[in-house]
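Biologist: I should like a close look at a single part of this model and at what surrounds it. How is that part packed, and which of its residues face inward or outward?

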Amino acid sequence: MSEKVTGPASYFPSIEKTYGLPIEHWKGLVRAAPGYGTTARHLDLVGLLKEQGLGHGHANAVVAHTLAEDR
């Protein structure tokens, strides 16, 4: 039996269904953002995804997961 997904990744199926693009697309936008890994703040990155049409909660989940993955 598979484990239940928790945390930010639990939003991924809904994000893919709602916006019609894979999570890797959104993570790529975050990683390509000016200042990623240096000066860009979490909320700056969330704002970038919101400008692309994601809701705040979905954008926050993608950013949180991406930042954690790259630590």
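Modeller: The account below takes helix α3 as its centre and then follows its neighbours.

The model is predicted, so local features need pLDDT of at least 70 and side-chain atom pairs pLDDT 80 or more, whereas totals for chains, interfaces and linings use all residues. Residues are numbered from 1 along each chain as its sequence is written, and side-chain values use heavy atoms, without hydrogens or water.

Helix α3 spans residues 42–51 and helix α4 spans residues 56–69; a helix here is a DSSP run of H or I with at least four residues, numbered from the N terminus. The axes of α3 and α4 come within 9 Å and cross at roughly 130 degrees (axes are lines fitted to C-alpha atoms over the stretch in contact, and angles run from 0 to 180 degrees between N-to-C directions). The pair is therefore oblique; angles under 35 degrees count as roughly parallel, over 145 as roughly antiparallel, 65 to 115 as roughly perpendicular and the rest as oblique. On the α3 side, this contact (heavy atoms within 4.5 Å) is made by H42, L43, L45, V46, L49 and K50. The partners on α4 are H56, A59, N60, V62, V63, A64 and L67.

Within α3, the residues L45, V46 and L49 are buried (buried means under 20% relative accessible area, exposed over 50% and partly exposed in between, with a 1.4 Å probe and protein chains only). These three cover an arc of only 105 degrees around the axis, and so they lie on the same side of α3; the arc is taken from the directions from the helix axis to the C-beta atoms. The face turned away from that buried side carries the exposed residues L43 and E51. For L43, a residue of α3, the relative accessibility is 55%, which is why L43 counts as exposed. L43 also belongs to the contact with α4, and its C-alpha is 9.8 Å from that of H56, 13 residues away in sequence. After α3 comes G53, which has a positive phi near 110 degrees.

The cover over the buried residues of α3 includes α2 (23–31) as well as α4. In α2, the buried residues are I23, W26, K27 and V30. Seen down the axis, they fall within an arc of 100 degrees, so they line one face of α2. The partners against which they pack are α1, α3 and α4. The first of these, α1 (residues 12–19), meets α2 at an angle of about 95 degrees, with the axes 9 Å apart, and α1 is therefore roughly perpendicular to α2. F12, I15, E16 and Y19 of α1 form this contact together with I23, W26 and K27 of α2.

Two residues of α4 complete the picture. T66 lies in α4 and is buried, because its relative accessible area is 0%. Beyond residues up to four places away in sequence, T66 touches K27, V30, R31 and Y36; K27 and V30 are among the buried residues of α2. A64, also in α4, is partly exposed, with a relative accessible area of 24%. With residues up to four places away in sequence again left aside, A64 touches P8 and H42. A64 and H42 are 22 residues apart in sequence, and 7.7 Å separates their C-alpha atoms.
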